[in-house]
Amino acid sequence: MSPYLFSRYIRDLLHEVVQSGYGCCIGGVMLNVLAYAGDIVLMAPSWRAMQDLLQLLDRLSTNVDMTCSIKKTMCMVFQLKQRSKIVAISFPPLKLGNEYLQYVSTLKYLGHVIDCTLTNDLHIQREICNMFMRMNMLLWRFSKCS
């Protein structure tokens, strides 16, 4: 019930972010925010658009008496596959409120490892390791069975 209640609590905030006009066109659909439980993901096609979304989020979050944890807030820049479209390799730090955010190359979101290279290799490797660990536990538990 908690994710449902949280989404209702921040519904107006999410609506304002969606109506901001910033976002990424993915499969013909404009997306700029994903929210589940206590996690919010903002997406923007440029550094300036992301900074504007962060300022909007900071302003709107005070209306619902919510704060964003700077220690848990991360930024990721996805690498373009077409090198001719790369404008910059590094970006200035983004700011949420009065704090600067850190850039990461990988992060874990809702149990899935996301990589800035847009591959699933790290997540697949993690799941293979988990499978081996579970298989070893089964073998150990049932090793005395006939």
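This report describes the overall build of a predicted model, then one helix and four single residues.

**Overall build**

The protein contains 4 helices and 10 strands. Read from the N terminus, its elements follow the order α-α-β-β-β-β-α-β-β-β-β-β-β-α. Its radius of gyration is 19 Å, while the globule rule gives 15 Å for 146 residues; the first value is well over the second, so the protein is more spread out than a compact globule. Along the principal axes, the C-alpha atoms fill a box of roughly 65 × 45 × 35 Å.

Of the 146 residues, 25% count as buried. The exposed surface of the protein comes to about 11000 Å², and carbon and sulfur atoms supply 58% of that area. Among contacts between residues at least 6 apart in sequence, 52% join residues at least 24 apart. The side chains include 15 positive and 10 negative ones, and the centres of these two sets lie 9 Å apart.

**Helix 3 and the residue D65**

Helix 3 covers residues 47–63. Its 17 residues should span 24 Å at 1.5 Å a residue, and this agrees with the 25 Å between its end C-alpha atoms. The buried residues of helix 3 are A49, M50, Q51, D52, L53, L54, L56, L57, L60 and S61. These buried residues pack against helix 2 (11–18), strand 4 (39–42) and strand 6 (95–96). In an α-helix there are 3.6 residues a turn, so residues three or four places apart point the same way.

What follows helix 3? The helix is followed by D65, which has a positive phi near 55°. Most residues other than glycine have a negative phi. D65 is not a glycine, yet its phi is positive. D65 sits in the loop that runs from helix 3 to strand 5 (74–75). With a relative accessible area of 72%, above the 50% cut-off, D65 is exposed.

**Three partly exposed residues**

I40, V77 and S105 lie in other parts of the chain. The table gives the relative accessible area of each, together with that of D65.

| Residue | Relative accessible area | Class |
|---|---|---|
| I40 | 28% | partly exposed |
| V77 | 37% | partly exposed |
| S105 | 43% | partly exposed |
| D65 | 72% | exposed |

I40 is part of strand 4, one of the elements against which the buried residues of helix 3 pack. Apart from neighbours within four places in sequence, I40 is in contact with I10, V33, L34, A35 and M66. I40 and D65 are 25 residues apart in sequence, and their C-alpha atoms are 16 Å apart.

V77 is in the loop between strand 5 and strand 6. Leaving out residues up to four places away in sequence, V77 touches F91, Y103 and C116. From V77 to S7 the distance is 26 Å, C-alpha to C-alpha, with their positions 70 residues apart in sequence.

Where does S105 lie? S105 is found in the loop between strand 8 (102–103) and strand 9 (106–109). Residues up to four places away in sequence aside, S105 touches M76, I114, D115 and C116. C116 is thus named among the contacts of S105 and also among those of V77. S105 and D39 are 66 residues apart along the chain, and 18 Å separates their C-alpha atoms.

Methods:
Residues numbered from 1 in each chain as written. Predicted model: local features only at pLDDT ≥ 70, side-chain atom pairs only at ≥ 80, totals over all residues. Heavy atoms only, no water. Helix = DSSP H or I, 4+ residues; strand = E, 2+ residues; numbered from the N terminus. Buried < 20%, exposed > 50% of the residue type's maximum accessible area, 1.4 Å probe, protein only. Expected span 1.5 Å × (residues − 1). Contact = heavy atoms within 4.5 Å. Rg over C-alpha atoms; globule rule 2.2 N^0.38 Å. Areas by Shrake-Rupley, 256 points an atom, 1.4 Å probe, with all protein chains shown as cover. Lys, Arg positive; Asp, Glu negative; His and termini not counted. Charge placed at Lys NZ, Arg CZ, Asp CG, Glu CD.
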